[in-house]
Amino acid sequence: MTAMATHPPARPYTVHDLAAMPDDGRRYELIDGMLLVSPAPGTRHQKIVGKLMVFLDAVCPEDLHVFPAPFAVRYSETTEVQPDLLVARDEDLTDKNLPVAPLLVVEVLSPSTALNDLNTKKAVYQRMGVPSYWVVDPADPVLTAYELDADGQYQQVAEIKGADVFEAARPYPVRIVPVELLGKLR
């Protein structure tokens, strides 16, 4: 993700500015008033998002929902993110977005987004109070899971590689095998 440098306003960007962004296949997000623009994701990224969507949705409780990007999590007037995948409570959703922290956020790393996903966005999700944050590196593949501790800080609770099994308990029980996320692309 890169900060958009063309014609920035004389103030921090707000969610109202997002409505004026072009519908060009890029993802537009705001973090503390800074506009982040990322290109359309590649094949491995999309395959992993699709497989995770299927695995998570297959066992999702009735009162929860799994959404892929683009789906906005609007934390404030100057922070709106679109995780690759999220799990949210039915009661928390509006017709347009999720105005509260999701129960789970998943980001799949891409060369253009990895630094932001592992640092900037991770910090935003922690600040929002997202209980579970998963990061998938499609290169190996590896799934790294973080959960908020009693002090509201992310602690790594798992790093699962290749054919190893991740038995997640939060936000609900689900079994993930990283290498299976690639399907035929292995």
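Q: Is Asp32 buried, partly exposed or exposed?
A: In this predicted model, Asp32 is found in the loop between β2 (27–31) and β3 (34–38). Its phi is near 50°, a positive value in a residue other than glycine. Buried means under 20% relative accessible area and exposed means over 50%. The relative accessible area of Asp32 is 46%, so Asp32 is partly exposed.

Q: Which class of accessibility does Gly50 fall into?
A: Gly50 lies in helix α2, which spans residues 43–58. The limits are under 20% for buried and over 50% for exposed. Gly50 has 31% relative accessibility and therefore counts as partly exposed.

Q: How far apart in space are the C-alpha atoms of Gly50 and Val179?
A: Along the sequence, 129 residues separate Gly50 from Val179. From C-alpha to C-alpha, the distance between Gly50 and Val179 is 14 Å.

Q: How many residues of strand β8 are buried?
A: Strand β8 covers residues 104–108. On one side Leu104, Val106 and Val108 are buried, and on the other side Val105 and Glu107 are buried. Both faces of β8 are thus covered. The number of buried residues in β8 is five of five.

Q: Which residue of β8 is the bridge partner of Val87?
A: Strand β7 (residues 85–89) pairs with β8 in the antiparallel sense, over three bridges. Within β8, the partner of Val87 is Leu104.

Q: What is the handedness of the crossover from β8 to β9?
A: β8 pairs with strand β9 (residues 132–137) in the parallel sense, over five bridges. One of the bridges has Val106 opposite Trp134 of β9. The chain passes from β8 to β9 through helix α3 (residues 114–128), and this β-α-β crossover is right-handed.

Q: Which helix gives the largest share of the largest nonpolar core?
A: The largest nonpolar core has 26 residues, of which Leu52, Leu56, Trp134, Val136, Phe166 and Ile176 touch the most other members. The largest share of this core is four residues, and it comes from helix α2.

Q: How many residues make up the second, separate core?
A: In soluble globular proteins, nonpolar side chains tend to be buried together. Phe71, Val73, Val124 and Tyr133 are included in the second core, which is separate and has 20 residues.

Q: Which residue of helix α3 belongs to the second core and is named with Phe71, Val73 and Tyr133?
A: Helix α3 runs over residues 114–128. Among the members of the second core, the one that falls in this range is Val124.

Q: Which proline follows Arg170 across a cis peptide bond?
A: One cis peptide bond joins Ala69 and Pro70, with omega about 0°, and Pro70 is in the loop between β4 (64–68) and β5 (73–76). Another cis bond has omega about 5° and starts from Arg170. The residue joined to Arg170 is in the loop between β12 (166–168) and β13 (174–176), and is Pro171.

Q: Where in the chain is confidence lowest?
A: The chain averages a pLDDT of 90, and 95% of the residues score at least 70. Over residues 1–6, pLDDT stays under 50. Where pLDDT is low, the predicted coordinates should not be read in detail. With a mean of 44, the lowest confidence is in strand β1 (residues 2–3).

Q: Which residues does the UniProt domain annotation cover?
A: The unreviewed UniProt entry carries the annotation "domain: Putative restriction endonuclease". Over the annotated stretch, the chain is 22% helix and 36% strand, and the end C-alpha atoms are 42 Å apart. The annotation covers residues 17–165.

How values were computed. Residues are numbered from 1 along each chain as its sequence is written. This is a predicted model: local features need pLDDT of at least 70, side-chain atom pairs count only at pLDDT 80 or more; totals for chains, interfaces and linings use all residues. Side-chain values use heavy atoms; hydrogens and water are left out. UniProt positions are given in the numbering used here, feature names are shortened, and annotations may be inferred rather than shown by experiment. Helices (H or I, at least four residues) and strands (E, at least two) are DSSP runs, numbered from the N terminus. pLDDT is the predictor's confidence in each residue, from 0 to 100. Contact means heavy atoms within 4.5 Å. Buried means under 20% relative accessible area, exposed over 50%, partly exposed in between (1.4 Å probe, protein chains only). Two strands pair if DSSP finds at least two bridges between them. A crossover is right-handed if, with the strands pointing away from the viewer, the path from the first strand over the helix to the second runs clockwise. A nonpolar core is a set of buried Ala, Val, Leu, Ile, Met, Phe, Trp, Tyr and Cys residues joined through side-chain atoms within 4.5 Å.
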